[in-house]
Amino acid sequence: ILDDPDLKDIDPTVLKHCHAAAATCILEAGKQKADVSAISTCLEDCKLDKERIEQFCTEYQKNKDALEILLGSIGRSPLHITDVSWRLEYQIKNNQLHKTYQPSYLVTLNVENSDSGSHPDVRFSCTMEQLQDLVGKLKDAAKSLERATQM
Amino acid sequence: KLNIGVDTIQHGVEGLVYLLTESSKLMASIPFRKISEVDFQDSIHVLGFSDELNKSLLQLYLDNRKEIRSILGELAPRLPSYHSLEWRLDVQLASRSLRQQIKPAVTMKLHLNQNEDQTAQVLQTDPATLLHLIQQLEQALGEMKMNHCRRIVRNMK
């Protein structure tokens, strides 16, 4: 804003105050999920004229959804799983033991940190039975989700 | 009590250990294949011991083979392995930055074993990703039943 040619005649301190005030107002409105009438009332109390209030509200409505998504994504949460990859392998021998003949799955869970964005993946190996156990438990969770949405 | 030097005994023990672990490592532990016994007998014959000693060694090998193989199996390089999974359903209703939300999530605790330590990791995912995970992992399970895998498992024994 400080570089905008239209605004260069205005004292920078005043500009900063205006910007901060507008941002605070918008964020509070977003946080409380305020509707247009509530915002209008609030701005009327601040002695803004009708035209300005209307302009503000229109702009706010246009960006309301994006604002809500942004606000909703702020906050701490455990590592978030974004994807999974797997590999099926069949072991024939290793340097400790020959003729092992064992199939196993290598599963990698791609995870994201809410703060920094990336995080080393969670990797583990499992047998077919263990993978069946894991999938069974995940399916229980999904069924439980479905039931919850029907309540 | 045996009246032999410590070194000799140590060498004797080390020799026995080497003999048993190498034999267990290399030979298939399929009970009905007598060939592995013959292999063992041929190998120790070279050492020039008495017949009685050879028989005892063979018996020692056969008796302990399975256990030795399972212990050797634990020594191989391994990734952390799956132990169990706990899960729960959460719905976020509000946060410091946004009130009046309805955000469902599945929170999980993944228990893994790594070299005798158990670790637990807390993870979270959204419903859409959960369904994606289930689909992908079911595909993975399906692979074992495919002809390709079956053929390889059959032919490599």
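Tutor: Two strands pair if DSSP finds at least two bridges between them; strands (E, at least two residues) and helices (H or I, at least four) are DSSP runs, numbered from the N terminus. This is a predicted model, in which local features need pLDDT of at least 70 and side-chain atom pairs count only at pLDDT 80 or more, while totals for chains, interfaces and linings use all residues. Residues are numbered from 1 along each chain as its sequence is written, chains are lettered from A and ligands numbered from 1 in the order in which they are written, and side-chain values use heavy atoms, with hydrogens and water left out.

Student: How many residues lie between the strands in the hairpin of E2(B) and E3(B)?

Tutor: There are 2 residues between these strands, and B:Asn115 takes a positive phi near 45 degrees in that hairpin. E2(B) and E3(B) run antiparallel and are joined by 9 bridges. One partnership sets B:Leu112 against B:Thr119 in E3(B).

Student: Which strands of chain A pair in the antiparallel sense?

Tutor: E1(A) pairs in this sense with strand E2 (residues 102-112) of chain A, over 11 bridges. There, A:Glu89 has A:Ser104 in E2(A) as its bridge partner. E2(A) is also joined by 5 bridges to strand E3 (residues 122-126) of chain A, again antiparallel, and A:Leu106 stands opposite A:Ser125 in E3(A).

Student: Which strand of chain A is joined to E3(B), and in what sense do they run, parallel or antiparallel?

Tutor: Strand E1 (residues 79-91) of chain A is joined to E3(B) by 2 bridges, and the two run parallel. A:His80 has B:Gln124 as its bridge partner.

Student: How is each chain divided into domains?

Tutor: Domain bounds come from an automatic or database domain assignment. Chain A has domain 1 (12-74) and domain 2 (81-150), with C-alpha centres 46 Å apart. Chain B has domain 1 (6-75), domain 2 (80-125) and domain 3 (127-156); the C-alpha centres of domain 2 and domain 3 of chain B are separated by 25 Å.

Student: How should one read the size of an interface?

Tutor: It is often given as the accessible area lost when the parts come together. Here the area (1.4 Å probe, summed over both parts) is about 5200 Å² for chain B and chain A, with 69% of it on carbon and sulfur atoms. In chain B, the residues that lose the most area to chain A are B:Tyr82, B:Leu137 and B:Leu141, together 14% of what that side buries. By contact (heavy atoms within 4.5 Å), 57 residues of chain B meet 54 residues of chain A.

Student: How many salt bridges cross this interface?

Tutor: A salt bridge is a side-chain nitrogen of Lys or Arg within 4 Å of a carboxyl oxygen of Asp or Glu. The rule finds 1 across the interface of chain B and chain A: A:Lys139 with B:Glu138, whose closest N and O atoms are 2.4 Å apart. Several elements of chain B each supply at least two residues to the side that touches chain A, among them helix H1 (6-26), strand E1 (81-92) and helix H4 (127-145). H4(B) gives the largest share, 16 residues.

Student: How many salt bridges are found over all chains?

Tutor: The whole structure holds 8. One of them joins A:Lys64 to A:Glu68, the closest N and O atoms being 4.0 Å apart. Both residues lie in helix H3 (residues 50-73) of chain A, 4 residues apart, about one turn of the helix.

Technical notes: Buried area = accessible area lost by both parts, 1.4 Å probe.
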